[in-house]
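Me: I'm new to this one and would like a friendly tour. Could you show it to me, and then we can go through it step by step?

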Amino acid sequence: MTQSKSNIILFDGICRLCCFSVRFVIRHDKSEKFRFAQLQSATGRFYLAKAGLPPDYQNGLVYTDGKEFFMDSTA
C-alpha cells in the first residue's frame, strides 16, 4: 500500500497528552492514513511555517491534508 504524505498530524512532543493521543491514533489507524511529526522537529517547523504559525507554536495538535491546516479542536 502506498502511504499518503498529505495527512500529517503535528503534535507537541513534550506534552504527555499529545503523545498519548498520537499513540492512540497509531493503534487505531489500520490503513496507515496518518503520518506524524513533532512540532519541535525540522519537519514540524516546516509545516508550521506553511500554516503561517510561529516556529514555537505549542498550543495543540495541527492537522494538514496537504492543502489546508486545522488547529486544536478543528484538527
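Reply: Happy to. A residue counts as buried when its relative accessible area is under 20%, as exposed when that area is over 50%, and as partly exposed in between. Please keep in mind that this is a predicted model.

Me: With that cut-off, what share of the 75 residues in the chain is buried?

Reply: The chain has 75 residues, and the buried ones are counted against that total. Buried here means under 20% relative accessible area. The share of buried residues comes to 28%.

Me: Which pattern does the chain follow when read along the sequence?

Reply: The parts to place are 2 helices and 4 strands. Read from start to end, they give the pattern β-α-β-α-β-β.

Me: Which residues of strand E1 point the other way from Ile8 and Leu10?

Reply: In a regular strand, side chains alternate between the two faces of the sheet. Strand E1 covers residues 8-11, and Ile8 and Leu10 point one way from it. All of the E1 residues are buried, and those pointing the other way are Ile9 and Phe11.

Me: In which sense do E1 and E2 pair, and which residue in E2 stands opposite phenylalanine 11?

Reply: E1 and E2 pair over 4 bridges, in the parallel sense. Within E2, the residue standing opposite phenylalanine 11 is glutamine 38.

Me: Is isoleucine 14 buried or exposed?

Reply: Isoleucine 14 sits in the loop between E1 and H1. Its C-alpha is 8.8 Å from that of glutamine 40, with the two positions 26 residues apart in sequence numbering. The relative accessible area of isoleucine 14 is 66%, and the cut-off is over 50%, so isoleucine 14 is exposed.

Me: Which residues make the nonpolar surface patch of about 320 Å²?

Reply: One member is leucine 17, which belongs to helix H1. Leucine 17 has a relative accessible area of 60%, so it counts as exposed. The patch is made by Leu17, Phe20 and Phe24.

Me: Which residues form the positive surface patch?

Reply: Lysine 30 is one of them, and its place is the loop between helix H1 (16-28) and strand E2 (35-38). Lysine 30 is exposed because its relative accessible area is 72%. The patch is formed by Arg16, Arg23, Arg27 and Lys30.

Me: How is isoleucine 26 classed: buried, partly exposed or exposed?

Reply: Isoleucine 26 is in helix H1, and its C-alpha lies 9.2 Å from that of phenylalanine 36, 10 residues away along the chain. Its relative accessible area is 48%, which falls between the 20% and 50% cut-offs, so isoleucine 26 is partly exposed.

Me: What is the phi of glutamate 32?

Reply: Most residues other than glycine have a negative phi. Glutamate 32, in the loop between H1 and E2, is not a glycine and yet has a positive phi. The value is about 50 degrees.

Me: What is the relative accessible area of proline 55?

Reply: Proline 55 is found in the loop between helix H2 (42-51) and strand E3 (62-64). The C-alpha atoms of proline 55 and glycine 44 are separated by 8.5 Å, and the two are 11 residues apart along the chain. Proline 55 is exposed, with a relative accessible area of 59%.

Technical notes:
Residues numbered from 1 in each chain as written. Predicted model: local features only at pLDDT ≥ 70, side-chain atom pairs only at ≥ 80, totals over all residues. Heavy atoms only, no water. Patch = residues over 30% accessible without salt bridge, like charges linked within 9 Å, V, L, I, M, F, W, Y side chains within 5 Å. Areas by Shrake-Rupley, 256 points an atom, 1.4 Å probe, with all protein chains shown as cover. Salt bridge = Lys/Arg side-chain N within 4 Å of Asp/Glu carboxyl O. Lys, Arg positive; Asp, Glu negative; His and termini not counted. Charge placed at Lys NZ, Arg CZ, Asp CG, Glu CD. Buried < 20%, exposed > 50% of the residue type's maximum accessible area, 1.4 Å probe, protein only. Pairing = 2+ DSSP bridges.
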